[in-house]
Amino acid sequence: MTLLHTARNRFLFLVLSFIFWFSNFIYIPILSPYLETIGGDYTFIGLVLGSYGLMQFLFRLPFGIYSDLIKVRKPFIIFGMVVSTLSCVTFAGADSLGWILLARSLAGVAAATWVAFTILFSSYFSERDLHRAMGSISLAVVLAQLLGMAISGYIVDLWGWHAPFWMGGIIGFVGIVLSLFIYESNEDFQKEPIQLKELISVLLEPALLKVSFLSILAHGIIFTTMFGFTPAFALKLGLQTDEISMVIFSFMIPHAIATMLSGKIFVPLFGQWKLLKLAFGLTAIFTVCTPLIDTEGMLFMIQGLNGFSLGTLFPLFLGMAVESIPLEKRATAMGAYQAIYAIGMFAGPFIAGVLISHLGISAGFYFAGSLGLTAVFFMIVWSRQRKATKHNLKLN
């Protein structure tokens, strides 16, 4: 490809990625309050929120393996846009809790195709620019989440609860059209067919499993809080529906800034594992502090600090998940990574919903904070194991 075509392909792909996540996140801030208004209890709300992660757990790895076996990514991306749009339309036309659960499950199936997005986009870059590629696409995701979630409350205030779903469907249709024009890069695939047993061996890679486990905990935190029950907590604190956008801005802007700075500044400064430990520790503290807040100003401040801490994690995870994996097996590695962390997207809000039903909304935030402390604990244990291994090698 020429430089001009390369730049065009990257730009088009980033626009498509933005649209994909915009249509998936435009209704997130109002979803749990909306479910309350139509009669859903907290346990059911947790089930709806968690169904998104459950579908990703079930479908992401098969999508990744099949994509590597047939050596194409584009059809998965088109399929993802179609199902994402269908999810929004189903939400908009839903007249019962069952249809709501189906709509959110469809969103999870659509999100499972993200493995193909990330691998195809990374193929547009050289190996030395892998982290830059992951940083760029992570930024597009964060900006889509920020804009979609920020305008959600305003749209509801102007046109009613169903308006964000209709807007997501319209934007999603534009994405379907654009997905037909993205470039399928297969220049770096091996010519020899890939054996399924070789792909399975990727799943046993220790570094991949460790990063995936930590990502379970990180996604459990964010899908329990900002993408789960934080908007409901803000309304209980006294904010109005159209003011939820201020909570979103306070979280997502620092989140986006941290995403940009994570690979360029923080990794060289702290190193990957020290940065993970620091970020998890801080987000645990800020998450536990959230239910103790009694003013809007403190809510905005704590969400900003938490957003920044979590924002350093996700682009780092993306690079670490595949950096030691051969290119022709990376969709499998990414599929495994994304399937495993989807456990947190399901279990986090579901368990939190059950706890909130019995113990009140504070219990959900204390549970999410404990996930951050769990991550710090395991990283300390792994660090000591690495030091012990190095010491034994020196003695031998």
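Reader: Which helices each supply at least two residues of the lining of the largest cavity?
Author: This is a predicted model, in which local features need pLDDT of at least 70, side-chain atom pairs count only at pLDDT 80 or more, and totals for chains, interfaces and linings use all residues. Residues are numbered from 1 along each chain as its sequence is written, and side-chain values use heavy atoms, without hydrogens and water. A cavity is a set of points on a 1 Å grid over the protein atoms alone where a 1.4 Å probe fits but cannot get out, and its lining residues have an atom within 4 Å of a point. Helices (DSSP runs of H or I, at least four residues, numbered from the N terminus) that each supply at least two lining residues are α1 (3-25), α3 (42-70), α7 (130-159), α10 (206-237), α14 (314-322) and α15 (330-359).

Reader: Which lining residues lie nearest the centre of the largest cavity?
Author: The lining comprises 21 residues, divided into 15 nonpolar (Ala, Val, Leu, Ile, Met, Phe, Trp, Tyr, Cys and Pro), 5 polar and 1 charged (Asp, Glu, Lys and Arg; the others, Gly among them, are polar). Nearest the centre lie Val141, Gln145, His219, Phe314 and Tyr341.

Reader: Is phenylalanine 181 buried or exposed?
Author: Phenylalanine 181 is found in the loop between α8 (163-179) and α9 (196-202). Its C-alpha lies 9.5 Å from that of lysine 74, which is 107 residues away in sequence. Because its relative accessible area is 52% (buried is under 20%, exposed over 50%, partly exposed in between; 1.4 Å probe, protein chains only), phenylalanine 181 is exposed.

Reader: Where does α11 bend?
Author: Helix α11 covers residues 244-270, and glycine 271, just after α11, takes a positive phi of about 90 degrees. The bend, the angle between axes fitted to the seven residues ending at a residue and the seven starting there, is about 65 degrees and falls at serine 262.

Definitions and conventions:
1 Å grid on protein atoms, 1.4 Å probe; cavity = no way out; pocket = protein on both sides within 12 Å on 5 of 7 lines; lining within 4 Å. Expected span 1.5 Å × (residues − 1).
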